[in-house]
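The exercises below ask the reader to work from coordinates to a reasoned description. Each task is followed by a solution in steps.

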Amino acid sequence: MSSIRNVFLRQNPKTTEDNNMGKFNKGAKKEMPALNSSSMPDIVFAILFFFMVTTTMRSETLMVRMKLPTASEVQKLEKKSLVTYINIGPPMEVRLGTGTQMQLNDRFAQVSEIQDYIAQEKASMNEADQPLMTVSIKADEDTRMQYITDVKQALRQAYALKISYSARQGQN
Amino acid sequence: MAKTSRKVPALNASSMADISFLLLTFFLLVSNMDVDSGLARRLPPPPQTEEQTSVDVQRRNLLVVLVNAGNETMVQNQHGSEWYATAEELRGSGSKVALKDKVKEFVLNTSNSADLPELTEEDFGAPIGIVPVTAQHVISIQNDATTSYKTYIAVQNEVVRAYNELREEGARKYFNTSYEELTKEQQDQINELYPQRISEAEPKNYGGQ
């Protein structure tokens, strides 16, 4: 038995320390082995690619204040690239008053400009995706329905028929 | 030009991690993960001619949900009408029948009442088979010009909730699981069984200025 053990030891001299199992020899000076961190960049790159793919670079800054209404039966909008946003609410800047304004892209717009905006957004889309285009109406909860209806009529005229009333998930 | 076999020196890649971390933090900060969610609707196409194209719907097939300027809701069909003053009442607080139950009663018409939408037998494929459904029913949500968007969404939400509950019940009945666990085809089958037939009418001035 011991001879076999000796052969084993000779072949793997490093395991001598492991051999005195069960004994805690505090006196033995152990060196902390250097962690192999060569795969670190790989891991970081993997996370990086994940964020690069999921990120949407919307440089649009909100110019209207809005508190979305809550609803319990909301559905998630699946493909972000197919969604066009219309923001409706009182302007962020106080000096512009409290009247309902609409923001398309990076500026305030009138309801009459929706058709051009939709046409422009549609044109920038893949042709196969165009019928799947969804317009998300993000409106403040205190907006008068008159405004929403006008927007809806404009969207109808622009043939943007798939809409979504943006709402926060919550008990309503 | 002597051909010397030179060794390529090993690149020092220790800063690689730093660079990629930098990029990672940039994308972390820039990305917004919040997925937009909302109530999906489909608008009718614009009227082709100048004169109003309206579809005649039989009176019994129509459930009118009116939201007035005071954010009060009235739901009315041939069977009767109900009045809701607040959003709580919409959900059935007090002695009121919740709006979703009204909608469900209307869509199902289990009693085959003459005041509720007519039932027609339709084939939905196995395992549902041929069942009577109210294929012609329409829920018309009408609002005033000064109705608040919040109330409008609350009403819409209740109607959608009624449909979702119907679909859930249908899934339990025909597939013995919840709607979420069905395959895409099975979900489509259920959706066909209970299609959302919600019409959003043009605004009218009902009371209020």
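The exercises that follow concern a predicted model and treat folding pattern, interface, charged pairs and aromatic rings in turn.

**Exercise 1. Describe the secondary structure of chain A and how much of chain A is buried.**

Step 1. Counting elements gives five helices and eight strands for chain A.

Step 2. Placed in sequence order, these elements read α-α-α-β-β-β-β-β-α-β-α-β-β.

Step 3. Chain A has 172 residues, and 37% of them count as buried.

Step 4. Consider the contacts in chain A between residues at least 6 apart in sequence: 71% of these join residues at least 24 apart.

**Exercise 2. Characterise the interface between chain B and chain A, and determine which element of chain B gives the most residues to it.**

Step 1. Start with the residues: 49 of chain B are in contact with 52 of chain A. The area buried between the two chains is about 4,600 Å², with 60% given by carbon and sulfur atoms.

Step 2. Find the leading contributors on the side of chain B. B:Asp36, B:Leu43 and B:Tyr149 supply 18% of the area that chain B buries against chain A, more than any other three residues.

Step 3. Turn to the polar part. Between chain B and chain A there are 19 residue pairs in polar contact, and the count of salt bridges is two. One of these salt bridges joins B:Glu200 to A:Lys152, with the closest N and O atoms 2.7 Å apart.

Step 4. Assign the interface residues to elements. Helix H1 (16-30), strand S1 (37-42) and helix H4 (149-175) of chain B each give two or more residues to the side that touches chain A. Of the elements of chain B, H4(B) gives the most, with 11 residues.

**Exercise 3. Examine selected salt bridges within the chains and state how accessible their partners are.**

Step 1. Side chains of opposite charge can pair when their charged atoms come close. Over all chains, the search finds 12 salt bridges.

Step 2. In chain A, A:Arg107 and A:Glu113 form a salt bridge with an N to O distance of 3.1 Å. A:Arg107 is partly exposed at a relative accessible area of 48%, and A:Glu113 is partly exposed at 25%.

Step 3. In chain B, B:Lys104 and B:Glu165 form a salt bridge whose closest N and O atoms are 2.7 Å apart. This pair links distant parts of the chain, with B:Lys104 in helix H3, B:Glu165 in helix H4, and their positions 61 residues apart. B:Lys104 is buried, with a relative accessible area of 12%, whereas B:Glu165 is partly exposed at 24%.

Step 4. A further pair in chain B is B:Glu168 and B:Arg172, which meet in a salt bridge at 3.6 Å, N to O. The two residues are four apart in helix H4 of chain B, so they are separated by about one helical turn. B:Glu168 counts as partly exposed at 24% relative accessibility, and B:Arg172 is partly exposed at 47%.

Step 5. Check for shared partners. Salt bridges that share partners join B:Lys100, B:Lys104, B:Glu165 and B:Glu169 into one network.

**Exercise 4. Which side chain of opposite charge is nearest to B:Lys102, and how far away is it?**

Step 1. Locate the residue: B:Lys102 lies in helix H3 of chain B, residues 99-108.

Step 2. Identify the nearest side chain of opposite charge, which is B:Glu105, 4.7 Å away.

Step 3. Apply the cut-off. A salt bridge requires the nitrogen to lie within 4 Å of a carboxyl oxygen. B:Lys102 is buried yet has no salt bridge.

Step 4. Describe the surroundings. Beyond its neighbours within four places in sequence, B:Lys102 is in contact with B:Val75, B:Glu82, B:Tyr84 and B:Val97.

**Exercise 5. Classify the aromatic pair of A:Phe50 and A:Phe51, and name an aromatic cluster.**

Step 1. The total over all chains is five aromatic pairs.

Step 2. For A:Phe50 and A:Phe51, the centres are 5.3 Å apart and the planes stand at 80 degrees. Planes over 60 degrees apart count as edge-to-face, and the pair is accordingly edge-to-face.

Step 3. Compare accessibility. A:Phe50 counts as partly exposed at 44%, whereas A:Phe51 counts as buried at 13%.

Step 4. A:Tyr165, B:Tyr149 and B:Tyr152 form one aromatic cluster. B:Tyr149 is also one of the three residues named in Exercise 2 for the area that chain B buries against chain A.

Methods:
Residues numbered from 1 in each chain as written. Chains lettered and ligands numbered in written order. Predicted model: local features only at pLDDT ≥ 70, side-chain atom pairs only at ≥ 80, totals over all residues. Heavy atoms only, no water. Buried < 20%, exposed > 50% of the residue type's maximum accessible area, 1.4 Å probe, protein only. Lys, Arg positive; Asp, Glu negative; His and termini not counted. Contact = heavy atoms within 4.5 Å. Phe/Tyr/Trp six-rings, centres within 6.5 Å; stacked < 30°, edge-to-face > 60°. Buried area = accessible area lost by both parts, 1.4 Å probe. Polar contact = N/O pair within 3.5 Å; in protein donor to acceptor, adjacent residues only side chain to side chain.
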